[in-house]
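Subject: The two-chain model, with notes

Hi,

Here is the structure I promised to pass on. Please open it alongside this message, and my notes follow below.

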Amino acid sequence: MADPMRIRAQAAGDKATVRVLMAHEMEGGQRKDASGNIVPAWYIQEVTATHNGKTVLTAEWGPAVSKNPFLQFVVKGAKAGDKIGVNWKDNRGDTRSDEATVS
Amino acid sequence: MQNRRQVLKQSALVAGLLASTGLFPQFAFAFNKNAFEAKSVQDALKALGVGALTESKDVSITAPDIAENGSVVPIAIATTLPGVKSMLIMVEKNPATLTAQFNVTESVDSAFSARVKMGQSSDVYAVAVLNDGKVLYAKKEVKVTLGGCGG
């Protein structure tokens, strides 16, 4: 199981800004190891964000997203106390879900 | 002349075959491998099945002029237009151009920030695909001092 994500959601007016920091290697499949073999790609492919259980954003990523990816987005109509969930799936099939409360 | 039972049987068979070849979308989240392996902006757009690009002032991209470390380049893309279907980040000279695709719903603003890797100095595209089929973009050149792909 991968390390937890750090999610911070802050309400401002009728919107909430969500910042997510995921812990992931995001190996691009271009790098070579010490013996000259290509390190196989290992990266997050799918990201889903939910607001009180309803999907508000889906994203597809390629290997060119940085290591330990950062993502920021704005959810409309979210207020303090609402739940923001983020879920990712990488190309090895690993998944991780975390949830945060809007403050 | 086929009777109802035969037709049902046949269509079930066809459905089974299709499912086994993976032609059926198993869920709405089919990862578009072709698009993410495309080598150029045009190829990536073709793989996504969207039309030609038009430059637009309504799409904005925020990125540094010079990125010291190509493995972490902060990119922010946004548009104020209504009816956005998805937004893309593309780095023209990366081994694979398409970096990220955000599928926008009505509940989120069409504004995203993320950090991407860049192999070398290149134009970075922010692309907004609208529901009416229009594809608008803004681009910005980012100079990279130290590439972030090889090593």
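How many helices and strands does the secondary structure of chain B come to? Chain B has three helices and nine strands. Before going further, please keep in mind that this is a predicted model.

**Chain B on its own**

Starting at the N terminus, the elements of chain B run α-α-α-β-β-β-β-β-β-β-β-β. Chain B has 151 residues, and 36% of them are buried. If you take the contacts in chain B between residues at least 6 apart in sequence, 67% join residues at least 24 apart.

Helix α3 of chain B, residues 41–48, is a good place to zoom in. Its buried residues are V41(B), A44(B), L45(B) and L48(B). Looking down the axis of α3(B), you will find these buried residues within an arc of 95°, so they line one face of the helix. What do the buried residues of α3(B) pack against? Their partners in chain B are α2 (33–37) together with the strands β5 (84–91), β6 (98–104), β8 (122–130) and β9 (135–146). Just after α3(B) comes G49(B), which takes a positive phi of about 75°.

**Where the chains meet**

Now to the contact between the two chains: 27 residues of chain A are in contact with 30 residues of chain B. On the chain A side, β3 (44–51), β4 (54–61) and β5 (70–76) each supply at least two of the residues that touch chain B. The largest share, seven residues, comes from β5(A). By residue type, the side of chain A that touches chain B divides into 13 nonpolar, nine polar and five charged.

β5(A) also pairs with a strand across the interface: β5(A) and β7 of chain B (residues 111–116) run antiparallel and are joined over two bridges. Within this region, L71(A) stands opposite A114(B) of β7(B).

**One residue to look at**

V75(A) lies in strand β5 of chain A. Is V75(A) buried or exposed? V75(A) has 26 other C-beta atoms within 10 Å, and 20 or more count as buried, so V75(A) is buried. Leaving aside neighbours within four places in sequence, V75(A) is in contact with K15(A), A16(A), V18(A), H51(A), V56(A) and I84(A), and also with S107(B) and V108(B) of chain B. V75(A) and A11(A) are 64 residues apart in sequence, and their C-alpha atoms are 9.1 Å apart in space.

Happy browsing, and do write back with any questions.

Best wishes

Terms used
Residues are numbered from 1 along each chain as its sequence is written. Chains are lettered from A and ligands numbered from 1 in the order in which they are written. This is a predicted model: local features need pLDDT of at least 70, side-chain atom pairs count only at pLDDT 80 or more; totals for chains, interfaces and linings use all residues. Two residues are in contact if their C-beta atoms, placed from the backbone, lie within 7 Å. Helices (H or I, at least four residues) and strands (E, at least two) are DSSP runs, numbered from the N terminus. Ala, Val, Leu, Ile, Met, Phe, Trp, Tyr, Cys and Pro count as nonpolar, Asp, Glu, Lys and Arg as charged, and the others, Gly among them, as polar. Two strands pair if DSSP finds at least two bridges between them. A residue is buried if 20 or more other C-beta atoms lie within 10 Å of its own, exposed if 12 or fewer, and partly exposed in between; C-beta atoms are placed from the backbone. The arc is that of the directions from the helix axis to the C-beta atoms.
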